[in-house]
Structure formats: C-alpha cells, structure tokens
Amino acid sequence: MDHNLTPEQLDSFGREVEELHLSVKADLGEADVRYIRRVMRAQRVLAVLGRGLLFASFFPPAWVAGTACLSLAKIIENMEIGHNVLHGQYDFARAKDLDSQTYEWDHICPSDQWRHSHNYLHHTYTNVRGVDHDLGYRILRVSEEQPWHPGHLLQPLYAAWLALSFQLGVGLHDVDVRRFIFQKKSERDPDEARRLREIGKKAVRQALPDYVIFPLLAGPHAPAVFLGNLVANLVRNVWSFTVIFCGHFPDGTETFDPSCLTNESTAHFYLRQLMGSANFEGGRVTHFLSGHLSHQIEHHMFPDIPAHRYPAMAKRLRVICAKYGLRYNTGSLFGQFKSVVKKLFRLALPGRHRAPPALTAA
Amino acid sequence: MHQVESPSGLTSTRPSAASRALGLIEAVLAPLVYPKSAEDYLREVFPLLSRKEILAEVVAVRPETADTTTLVLRPNGLFRGHRAGQWIMVEAEVAGVRRTRCFSIASAPALHDEKRTIEITIKARPGGAVTPELVWRQKRGAIIAISQAQGTFVLPETPPSRPLFVSGGSGITPVMSMLRELALRGQAHGATFVYYARTSADVVFAKELQEHALFSGAEILVWTDDEPSAVSAPFGRCDARTDLVAHVPDFAERETFVCGPPGLLAAMSALYAERGASERLHAEAFSLEEHATIGAEGPAPEVVFARAAKTQTGSRTLLAMAEDAGLTPRSGCRMGICHSCTCRKVSGVTRDIRTGELSTDANVDIRICVNEPVGNVVLDL
C-alpha cells in the first residue's frame, strides 16, 4: 500500500485525525469510569464463580462452566482492563485503582516492564523493522523485508508454540533470551538479568494459585482443578495470540524502515499507525473480549483513549480515510486470521525481497 | 466543674483488633488472588473495607440553604476521630474525575464518639468544579475517601470560660463544631457566637442557632446585610469592628476563635493587635484568595514543564500555569495543605504566596499550588 498524498493533504489528514482525537478526549468522564468499574466488577464475579465451580468439578458440567468462567475472567482482566488501564486510558479519573503507574495486571510481564516494551517501544516505533520487537517477537518472519534465515523454515511450529505460551512469549520479548543464554555471566547486561529475575518471580507467584494452591484446596478433585486452570490459561493465550496477530500481520499491513522516523510529523505518525495496523469485524461481544483491540487501528492512533470508545471513533475515522483515499485494513476475524496463517507459511520460505514501501517522512 | 476527656484522641496509632484481623485474612488470601489484593474482592461485598484508605459512606444529604448542604458521613474504622475545629480532605468524584478539597467538620466530636458519624457542611462556590457537585448532586449511599482530621485551629481540651466565636459565610463550620461540642458537654453557657451572612436566607444552621440561644445559654449574634429577620438581630450592615466594640465590649479579654473570609480575618487581627490581645485571637482562613500578581519588574518568568515539554509565562501559581498549559497534574486542596501536588523543582526560584518564603535550591520538592515563579523555573512535570 502506498499513499498519494501531497504534503498539504498529509497535513490536513493529520489535523482531522487530531481533531477526532481531541473531541473524544474532551468528552471523557463519568460514563467511562462507570463502564470500566462495571467491567472490573463483572471480572471479579467471573473469577470467583469460576474458582467456585471448579471445586464442584465432580459434576462434569460444573467443570466446563467453571473453566469457561475462569477463561473469561482471565481474558477480560488482560484485554479490556489490564492492557487498557496500563495505557493510561483511565488516568484522567485520577483514581488509585485505575492508575496506569500503579496497576499490576495478571500477566507474566511486570507492569513497569510492559509500559516500556509495549507502551513506549511498540506503540512509538510500530512496525519499524529492527526497533519494534512485536514484529515477529524475535522469532517469526512476518514481513518480506525481514531477512530470511533457515530457522524460519520451522516458524509455523514456533507460531503454534507461541500461541499456547503467548504470555511467556510476550513477557520475554523485551529480553534477547537466546543471546542471554549463550552469554558468559560477566558479559550479561545487569539490567536485562534484573528484568528476567522479575519476570521469573512474577511467573512463580502467578503459577502458584493455578497449579498448586487451588488444586491442593480441592483435595480429591485436584487433577480436575489443575486441568481447568491449565485450560483457562491456554484459552487466554490462544485468544490473545489471535487478537494480537490479527492486529499487525494480516496482508496489507506495512512495515517500515527506521529512516522514516527522522523528523516524523504527527500527521505522518498517524499515517504510519494506520498503515501498520489492521482491524477485524465482529459483534459487541467479540470487540469486548478482544479488549477492543479488534480496533487495532484506532488503538494505535489513540492509545490514550478508553478502548470502548473505538467502535464509535472508527466510524468517523473511516470517513476521513475514505476522503483521502487511504486504505483502512479490516475484515472478518476469520479472514484476517487466515491471511496471517498463510503469511507465516509463505514467509517460512526464502522469499523475494519486496521493495520497501514508499513511505518517507514528509 | 467536671472535666471531660475527649475519647476521640488523635494519638492512637495502634491498629484496632478489626484491622489486625483483616490484615490476617488478606495475608492468607493474598497468594490466591495474586497479583490483586484480597481487598479488591472483599470490597465488592463490604464497600467500606480498607486497611489503608479512610472510606466513608454518605449516610444522609441534608440541604441547609439554597446553596449549602450538609453531608453526613460514616467513615470506616481507620478514622481516628477529630477535635472541634479540625478539617478533613474529601476526595470526590466529579464527572468521573477524583478531586480533593478540604472541608471543616461542622459536627461535634461527641457525635462521632456516639454515632460514628461526622458532618461537613458545604457551600456551592459559583463556577467551582467540586462544591456544586457535592451540594446539589451528591447521592446518599455513595462511598468517598477522606483523610484523618487535621489542623491546629481547635477547641482546647479544657475549654476557656466565655469563649467568643466569630465567623463569616461558610467559615461558620469549624466554630459551629466548637459551639455544638460545648453545648453537648453542657458548657456553652457564657459563650458568644457572632456570625455574618450576606442575607438572612444565607444563614446556615438558622434554626439550630435559635435553639442554642434559647436553651444552651450561649449568646448568638447574627448579622446580615439585608432586612433583619427572625434569625438576625436588627443591626443593619455588618462591620466587624464597630459591631464587636458595641455588642461584645469585653471581646479583648476573651479567647476568640475566628474563621471567615480574608477581610474579616484582617479586621479582627487589626482590632486585637490594637488592644494588645493578639495572643487571644485564634484564626483559620478557609480560602486562599486569588493571589494578586506580585509587582514583578522585567519580563514575566517562564516556567518549563520538562516532562510534558511545555512552557508557560506569567506569574500565577505554578499549578494554575501547569493547568493553563494543558497539563493535569495531581492536586488537592489548592491551598498548600494536602501535599497532593508536590512536585520536583529542577531549577529556578519560587515564592510561597502565603509566607513569601523563597525557595532557591535546585532539585527540591515544592507544592505547586502555593508557589509562584520568581524567575525562570523548570519543573519535573
């Protein structure tokens, strides 16, 4: 995808997008706070219900219902609450429980590391090759412009493994694990070692309730509870993987050369986010369970706006994109995911290097 | 005369048995709910539950005048009570945004000892962000966060004989707490309570003041600017100086507690200074007047908000300038009390607008709500 905007058109596109951003920002208030508090309450109810039902798993339907509730609780905490609160979407409320600087989410990646690797690196340098580690998570080749090496032949398997262990994969992607393992102790970056230790500590504390304490409390039903918790964690991983992979890797999403960052204007930043992201369509429930990352384009343009606002913003953004003849990458969840899977297979093989996109700083 | 020990001592810092039990429950549940706290879950059922925050339920909302409302609060067990005259910080949610303001407690400490409730009486400030919300739209049953009672403007443990209370406008609240406390202890006899209000419709606690005049033995003098009514004596326009000299001739010999607008405080302190009775005058300002710009010569100072990469020129408070620059720094009382707005000054000279004290050091924490720039200043905001 290329854009044919003159510098003036690019500027006026940027202004219209900024106007949309500011108009919603000025409207934030009570309704947003009420919304997220309701979601938080529902999430807690689901979590308690799920744990409770799993204790009754001698009755098979209770096991199924409990696992489902727990899966939902874990998904909602990560997607609609944790990820969005950590973005500072609710900082305007100045409430302690919604504060991006103190919120600790139920994810293996400690919140302060996440704010750096995700909020700062990924959101600032989205799809910039060599800078944004979300571009393939250091193991996958997701763009023709990334150089191929023989290890990529196995990438469909890596991807399947990443889907099942997505928390760990995302948690570790700010650490060059391979390099770290083969490094001599004296050569290791002490800060990287500290970050790894923190992740390890959090991983243990997070695994304890799911795999030790709750099963032990269940006595004879320990295996059923253990299994329910394992399934719930896997469901969360596979779902997050699906949502996030559909956000930046479907066909039509662009990757960029680091040179485009020099003197990048606001308008160009918006354009890069638009070209590097993709949405998927679905009903209200799908949007909600994706933490509204079904609107990855809006999320990347307006990461500080409460995510439940994205569907309404999308309508206005699509009008702006149509006006400037810019592609707005969206499709069904199935269609977008299919194109991601195809791409993972295609790029496992050495491919012709396509010319880098003609997107240069205006 | 018997002496009454206030049971609502502020010195107790020992956690109560309930708080210790709660701590134990939370410690047991902590590994199960990691990385959340057990409190997050328990609070869905017990909304006042907290080991760190003083949460209070609004148990009643009582309109007093057209623009003044009393909120009756029942704080959780963390609240250690108060002394008559003290204030609390109240964190209210206005249009989804938490904002902190300070309010004097108007009720008597004895009320908290007996019923575990405190009352704050709030006047809606026209154009204010918080007070109109609390006065006209506060719902019963809401949960709000408050602070421990603070302030040194208090009724002494052993009350002086024949105290004099002088207040104006919404400054009535802390001295009302004192009068109520004396009345409940049966010690109001001989006290004089002077109150200035704009019109008789603005007289807060009108009915209760009449009852005090009739039954508690306190002398109540209410002055208003308009026609005298049942609650105001026919004294016409108010002028603290002539009023006191004429109607409370022995004022200089009495322990005097005054709270009100800056004009009233200034008139009172001048009068007491003249009579050499300054040490008997205890005063509390309830609002920080819009501070006049200092007669700065040369160019207006420039303030750099380093993290936001924004600049403002002018000589208002740093907080006002930050807000003008589009920043939303944390802030609370906006009068230098609560330290919510404390922020790091990287460089430059600032002046405390209350004391005139200059801060010249680099890399120190200052309260931006009561400091203005004297030269160019860089803030870590």
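These are my notes on a predicted model with chains A and B, mostly on chain B.

**Confidence, chain A**

I started with how far to trust chain A. Its mean pLDDT is 92, and 96% of its residues reach 70 or more. I then looked for the weak and strong spots. Helix H7 of chain A (residues 177–182) has the lowest confidence in that chain, with a mean of 80. Helix H13 of chain A (residues 310–323) has the highest, at 98.

**Chain B overall**

I pulled up the secondary structure next: chain B has nine helices and 19 strands. Chain B is 381 residues long, and 39% of them count as buried. I also checked how far apart in sequence the contacting residues are. Taking contacts in chain B between residues at least 6 apart, 64% join residues at least 24 apart.

**Where B meets A**

How many residues of chain B are in contact with chain A? I get 13 from chain B, against 18 residues of chain A. On the chain B side, helix H1 (17–33), helix H2 (38–42) and strand S4 (97–104) each supply at least two residues. I sorted the residues of that side by character: seven are nonpolar, two polar and four charged.

**Glu26(B)**

I picked one residue of helix H1 of chain B, Glu26(B). Is Glu26(B) buried, exposed or partly exposed? I counted 17 other C-beta atoms within 10 Å of Glu26(B), so it comes out as partly exposed; buried would take 20 or more, and exposed 12 or fewer. Leaving aside residues up to four places away in sequence, Glu26(B) touches Ser37(B), Ala38(B) and Glu39(B). For Ser37(B), I looked up the spacing too: its C-alpha atom is 7.4 Å from that of Glu26(B), with the two residues eleven apart along the chain.

**A five-stranded sheet in chain B**

Last, I traced a sheet in chain B. Five strands make an open sheet with mixed pairing, in the order S13-S12-S19-S14-S17. Which strands stand at the edges? They are S13 (310–313) and S17 (364–367) of chain B; each has a single partner strand, so one side of each has no neighbour in the sheet. I checked the twist as well: ignoring direction, neighbouring strands are turned by 35° against each other on average.

I then zoomed in on the S13 edge. Strand S12 of chain B (residues 302–305) runs antiparallel to S13(B), and four bridges join them. Within this pair, Val304(B) sits opposite Thr311(B) of S13(B). A reminder to myself: strands of a sheet pair through backbone hydrogen bonds, in parallel or antiparallel fashion.

Terms used: Residues numbered from 1 in each chain as written. Chains lettered and ligands numbered in written order. Predicted model: local features only at pLDDT ≥ 70, side-chain atom pairs only at ≥ 80, totals over all residues. Contact = placed C-beta atoms within 7 Å. Nonpolar A, V, L, I, M, F, W, Y, C, P; charged D, E, K, R; others polar. Pairing = 2+ DSSP bridges. Axes fitted to C-alpha atoms, helices over the stretch in contact; angles between N-to-C directions. pLDDT = per-residue confidence, 0-100.
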